[in-house]
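User: I've got a model open and would like to talk through its sheet and its cavities. Can you help me read it?

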Amino acid sequence: MGHQHGSTQLLEDRPLSPTQDWGRASAATRPELSWPALQRLSADDVDTATDALSEAYSAVTVLPDPGAKTVHMEVAMCKLPNLTLGSLEISSSMVCSSRYPLIAVCLPVGGQIRITSNCGTARVADGSAVVVSPGNPVVVEYLTDDCRMETLLFEQSAVEAELAGMLGAPVTKPLRFDLGFNLSAALPFSRALTLLHNELTDPAGLAAVPAMSRQLGRLIMAGVLVSQTHNYTEELTRPRAVPGSKPIRNALEFIESQPGEIETVADIAAAVGLSVRALDDGFQRYVGTPPMTYLRQVRMAHAHEELVAADPELTTASAVARKCGFGHYGRFAAEYARRFGRKPSETLRALNG
């Protein structure tokens, strides 16, 4: 999980603080959560708190309450292959991220917490949660000295891959969630979270089996996708329809199979036996975007997957871009940063280095 910062303490595994069981209709609290905290960090000063929170979540700035001059915090983390769970306790303060890189579900446990991003402001308190989408500045205000919350952290690529499987089609635009999350209406997510807690608590549970622990993470992602509103909600909930005519379906499959090798729209049209005009018309009608725009979106998704999986000792971000069909690295890097909230080289180093 990385090295310790300053006077940050790596504490022994022990049960986490009380939290709420969102799988029950009532908001009754559990006596204690006891999923294994593989890393626990604590701090009693601003600099150490900044280092600890940056290690646990992402690079942040911590500003203490003006009346307190300092901040106390403790954070515990537990990693599955595609999900990181966190439990945070922190005194009154403000934590800022200039460009948050992950999808974060923030669940209330105690105190009053307010989160602001470019899509508004929402509270983590009294049965209301927050889902933070990546790539934008985020400000978290811990308004009381007894603030506690549970966090679920996902790489955007993992959630988008799960969404693509649920849709039966590629995700061509960045996934963006609404900020406020009403837990009382989130039954699928709540049941999935209860199962996860139970399996983490049981030493012989599914989380102890590597092949199954990944499926637990996928279940949580699916729960979030069907319980919280996002820019694919309408597409996800409407009856499944086969897109367009057979040539258009063939064109989608052709683009998916070799996005880095296609040079012009005429290549796609020729592969499926259509004229360029008929292909354009079919994409506008059934896909909602021109063929080359769709191709670029698929290339970007493939490039992200390649960067996540690649060994930084064996390749570079520019080589991945070329492999996926991007001839101009500067334009690719700028578009990538807008979509994923970090430079391609940062994804390669951060996730694999």
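User: What is the strand order in the open sheet of seven strands?

Analyst: Keep in mind that this is a predicted model. The sheet is open, and its strands pair in antiparallel fashion. Going across, the order is S1-S3-S4-S11-S6-S9-S12.

User: Why is one side of S1 and of S12 left without a neighbour in the sheet?

Analyst: Strand S1 covers 39–43 and strand S12 covers 180–182. Both have one side free because each stands at an edge of the sheet, with a single partner strand. As for the twist from one strand to the next, the average is 20°.

User: Which residue in S3 is the bridge partner of Ala43?

Analyst: S1 runs antiparallel to strand S3, residues 73–80, and five bridges join the two. Look in S3 for the partner of Ala43, and you land on Met73.

User: At about what angle does helix H3 run to S11?

Analyst: H3 takes in residues 187–201 and lies across S3, S4, S6, S11 and S12. Against S11, which spans 147–154, the helix runs at about 95°.

User: How many charged residues are in the lining of the largest cavity?

Analyst: Searching the whole structure turns up five cavities of 30 Å³ or more, and the largest has a volume of about 230 Å³. Its lining has 18 residues, with Tyr57, Tyr100, Val140, Tyr142 and Met149 closest to the centre. Strands S5, S6, S10 and S11 each give two or more residues to that lining. By type, the lining splits into 16 nonpolar and two polar residues, and the charged count is: no charged residues.

Key
Residues numbered from 1 in each chain as written. Predicted model: local features only at pLDDT ≥ 70, side-chain atom pairs only at ≥ 80, totals over all residues. Heavy atoms only, no water. Pairing = 2+ DSSP bridges. Helix = DSSP H or I, 4+ residues; strand = E, 2+ residues; numbered from the N terminus. Axes fitted to C-alpha atoms, helices over the stretch in contact; angles between N-to-C directions. Contact = heavy atoms within 4.5 Å. 1 Å grid on protein atoms, 1.4 Å probe; cavity = no way out; pocket = protein on both sides within 12 Å on 5 of 7 lines; lining within 4 Å. Points joined across faces, edges and corners; volume = space filled by probe spheres on them. Nonpolar A, V, L, I, M, F, W, Y, C, P; charged D, E, K, R; others polar.
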